[in-house]
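Dear colleague,

I am handing over the structure below, and I would ask you to keep it open while you read the notes that follow it.

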Amino acid sequence: MNEKKNLTTEETLALAIQNHQKKKFEAAENLYKEILKIKPNHFQSNFLLGTLFAQTQKFNIAKKLFEKTIKINPDYMDAYNNLGNVLKELGEYQKAKSSYERAIQINPNYAVAHYNLGNILQKLGEYKKAISSFEKAIQIQPGFVMAHNNLGDVLQKLGKYKKAISSYE
């Protein structure tokens, strides 16, 4: 393992990503942390470690890492989207909503953020706005099956059964 000590930051990051993709979370976590010891503001390591912690349901730690990622790069839409996901898991729905809205502000064609915003709006009982968000996600990405499904769910809740059925098809 002495070879690991001589790796560059880029090589360590590549190895961390490989482990992360193979779901070897402990190894990936250690490698990301190794980079952050030397470079605490390393953008990718903060973001990817936050993603890893979100995947392993350590949401409070993930939240802090996504917030740090945003401080490093305030225009990184994926950090806002992932932060929104973590906030949703923590029950902080209004903050999640704001986070998704910021991701969309950065990139209005970010279908996943529109979809996630729709889910939060649905949870908050803002059904008409949820419909708009799901429709926007579908407009951007017509084959977005989950957006079609969730749109159908909201339409069904509102008693718009014919539209719901067509959304499910």
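A good place to begin is N82, which lies in helix 6, where helices (H or I, at least four residues) and strands (E, at least two) are DSSP runs numbered from the N terminus. With a relative accessibility of 17%, N82 counts as buried, a word that means under 20% relative accessible area, with exposed meaning over 50% and partly exposed in between (1.4 Å probe, protein chains only). When its neighbours within four places in sequence are left aside, N82 is in contact with F47, T51 and F66, contact meaning heavy atoms within 4.5 Å.

Before going further, please note that this is a predicted model, in which local features need pLDDT of at least 70 and side-chain atom pairs count only at pLDDT 80 or more, while totals for chains, interfaces and linings use all residues. Residues are numbered from 1 along each chain as its sequence is written, and side-chain values use heavy atoms, with hydrogens and water left out.

Two of the residues that N82 touches, F47 and T51, are among the buried residues of helix 4, which also include S45, N46, L48, L49, G50, L52 and F53. Their cover includes helix 2 (9-21), helix 3 (25-38), helix 5 (59-72) and helix 6 (77-89). Helix 4 itself (residues 43-55) has 13 residues and reaches 18 Å from its first C-alpha to its last, close to the 18 Å expected at 1.5 Å a residue, the expected span being 1.5 Å times one less than the number of residues. After helix 4 comes Q57, with a positive phi near 60°.

Further along the chain, the axes of helix 8 (residues 111-123) and helix 9 (residues 127-140) come within 8 Å and cross at roughly 160°; axes here are lines fitted to C-alpha atoms, for helices over the stretch in contact, and angles run from 0 to 180 degrees between N-to-C directions. Helix 8 and helix 9 are therefore roughly antiparallel to each other (angles under 35 degrees count as roughly parallel, over 145 as roughly antiparallel, 65 to 115 as roughly perpendicular and the rest as oblique). Among the residues that make this contact are H114, Y115 and L117 of helix 8 and S133, F134 and A137 of helix 9.

As for the whole, the protein has 11 helices and zero strands, and its C-alpha atoms fill a box of roughly 65 × 30 × 25 Å along the principal axes. Of its 169 residues, 41% count as buried.

With best wishes
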